[in-house]
Amino acid sequence: MTTYKAINLIARPEGGPVGPELFEVVQKDMPKVAQGQFLVKQNHMSLDPAMFGWMSPDTESYIPPVELGDVMRSSGIGEIVESNHPDFKVGDRVMGMMGWQEYCLSNGAGLNKVTAPLPDEAILSVFALPGLTATQGLFNVGKPQKGETIVVSGAAGSVGSIVGQLAKADGLRVIGVVGSDEKADWIVNELGFDGAVNYKTDDIAAKLAELTPDGVDVYFENTGGPIQHHVFARMNAHGRIVVCGMIADYPKAVPDLGPNWIQVIKKRLIIQGFTMPDHFGDVPALLEKLTPYVMKGQIKHRAHVLNGLESAMTGLNLFFTGKNNGKLIVKL
């Protein structure tokens, strides 16, 4: 093989669905592997809501946007097929930022060896960005205590489902917000959540009141949208709001207004946003925290797998429709 396929970002989204018009599929020459480098054949690629921010022109975000004409940014997992690096050998599995491409040339920066004897889909669903994000946000930002009540929006998603299971394992009452009865059934009957709110069909205020009779101590926010106002109104004094994502607002030219700050004063609330690039240096500690829960069988997952590199160009829209069931992954 002398060439490989990659997808470049060539235009910025302007609100609404994203599609092939934002991207260009190109053939690249297979690179030469110099001393201190290795070549990875990427097998599975992660699709994440953060990509919408990476495609935007916002230069004041937590990470610079993808430059137009560059390979679209993403994390993935693959196998080293050629190496001139002393610390990485042919056959090693590695995980990290590789982009929308079939092969990735690396000097090792930003890539980590995968030693867990688990399939790629399980690694990307649990030990990659979803699990790391869930662990950092819940424990280091949310600071949950046994007996408290937590509400998780986007609870059937890759991050929210892990947040809820970690909280449940630590003795919290866990309520998830989802967009279908099937997802509600999954988080309650398979993952062990104490209750679910279907924001599309339930009377949100009434259902939350029923499921959180003692109020809400921790709110893990993944979606934004109308649900944030209802949960905000039920926050207890000294509650913590962990702002991880706002998927409902990403496609909008003008985001919805957030809750009024009077409640922040009255309830002495702590509201903190976070992003994982600030914590990549903490990955070993986060994995050390997460791994025992996984080894005890306390973390279940499911993956929604798309086939072929090009499927990424429209697959991202599943985040807006809510039709993805579990971690969204592209199989190359």
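Is Arg-268 buried, exposed or partly exposed? The legends below address this residue and several other sites of the predicted model.

**View 1. The loop residue Arg-268 with positive phi.** Arg-268 is situated in the loop that connects helix 8 (262–267) with strand 13 (270–273). Its relative accessibility is 45%, so Arg-268 counts as partly exposed. Although Arg-268 is not a glycine, its phi is positive, at about 50°. Most residues other than glycine have a negative phi.

**View 2. The strand residue His-238 with positive phi.** His-238 belongs to strand 12 (residues 235–243). A phi near 65° is found here, a positive value in a residue other than glycine. With a relative accessible area of 48%, His-238 is partly exposed.

**View 3. The open sheet of six strands.** The strands follow the order 10-9-8-11-12-13, and their pairing is parallel. Strand 10 (195–198) and strand 13 form the edges, each pairing on one side only. On average, neighbouring strands of this sheet are turned by 15° against each other, direction ignored.

**View 4. The pairing of strand 8 with strand 9 and the helices packed on the sheet.** Strand 8 (residues 149–153) and strand 9 (residues 173–178) are joined in the parallel sense over five bridges. Within this pair, Val-151 stands opposite Ile-175 of strand 9. Helix 4 (residues 158–169) packs on the sheet and touches strand 8, strand 9 and strand 11 (216–221); the direction of helix 4 makes about 170° with that of strand 8. Helix 5 (residues 181–189) also packs on the sheet, in contact with strand 9 and strand 10, and its direction makes about 165° with that of strand 10.

Definitions and conventions
Residues numbered from 1 in each chain as written. Predicted model: local features only at pLDDT ≥ 70, side-chain atom pairs only at ≥ 80, totals over all residues. Heavy atoms only, no water. Helix = DSSP H or I, 4+ residues; strand = E, 2+ residues; numbered from the N terminus. Buried < 20%, exposed > 50% of the residue type's maximum accessible area, 1.4 Å probe, protein only. Pairing = 2+ DSSP bridges. Axes fitted to C-alpha atoms, helices over the stretch in contact; angles between N-to-C directions. Contact = heavy atoms within 4.5 Å.
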